[in-house]
Amino acid sequence: MALLEETKKFLCVSCPVGCSLSVTVRGTDVLNVEGNTCPRGVTYAENEVANPVRTFTSTVRVNGASLPVCPVRSKEPLPLVKVFSVTREVAKVKVDAPLSIGQVLIENVCGTGTDIIASRSLGKI
Ligand code: SF4
């Protein structure tokens with residue numbers, strides 16, 4: 001069965017300008033990109049179609065700190081399709097204070113190849 005052409009809309013977030021992209025695709029092939037004001041918009045659109053990724057942010061529960069939770073993020077952007085399973089995995093975690101900014105709290109989360117790290121330091125009380 002032949003794949004149909006369709007038009008998808010994206011907001012390029014590669015810089016603060018935030019161009020609205022209109023992207024013609026067939027399957028995962030990008031046929032045309034309009035609305036970009038620089039070539040990075042085309043690259044962004046191609047990545048969004050083929051393998052969208054996001055920097056994951058959340059919180060984890062902490063024992064023995066002045067705050068009950070610590071903000072965390074993925075060290076690298078991870079596949080968008082993995083965000084739900086990563087959210088569930090992070091929700092299970094409870095760590096002990098003290099924490100240092102950048103400390104790895106979950107290695108290779110859900111097999112994504114990236115780690116979940118602390119976004120701030122938290123001292124022990
Ligand atoms: S297309 Fe270029 S100018 Fe527009 S948001 Fe993306 S990077 Fe910025």
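User: Which residues are around the ligand?

Analyst: In this predicted model, a residue is counted as near the ligand if its C-beta atom, placed from the backbone, lies within 6 Å. The residues around the ligand are C12, S14, C15, V17, G18, C19, N36, T37, C38, R40, G41 and Y44.

User: How do the residues of this shell divide into nonpolar, polar and charged?

Analyst: In this division Cys and Tyr count as nonpolar, while Gly is among the polar residues. The shell around the ligand thus holds six nonpolar, five polar and one charged.

User: In what order do the three strands of the open sheet stand?

Analyst: Strand β1 (residues 5–11) pairs with strand β2 (residues 20–26) in the antiparallel sense over seven bridges. β2 also pairs with strand β3 (residues 29–34), again antiparallel, over five bridges. The order in the open sheet is β1-β2-β3.

User: Why is one side of β1 and of β3 left without a neighbour in the sheet?

Analyst: The three strands form an open sheet. β1 and β3 each have a single partner strand, so one side of each lacks a neighbour, for both stand at the edges.

User: Which residue of β3 is the bridge partner of T24?

Analyst: T24 is itself the bridge partner in β2 of T7. Towards β3, the bridge partner of T24 is N32.

User: At about what angle to β3 does helix α1 run?

Analyst: Helix α1 spans residues 40–50 and lies across β1, β2 and β3. Relative to β3, helix α1 runs at about 140°.

Definitions and conventions. Residues are numbered from 1 along each chain as its sequence is written. This is a predicted model: local features need pLDDT of at least 70, side-chain atom pairs count only at pLDDT 80 or more; totals for chains, interfaces and linings use all residues. Two strands pair if DSSP finds at least two bridges between them. Helices (H or I, at least four residues) and strands (E, at least two) are DSSP runs, numbered from the N terminus. Two residues are in contact if their C-beta atoms, placed from the backbone, lie within 7 Å. Axes are lines fitted to C-alpha atoms, for helices over the stretch in contact, and angles run from 0 to 180 degrees between N-to-C directions.
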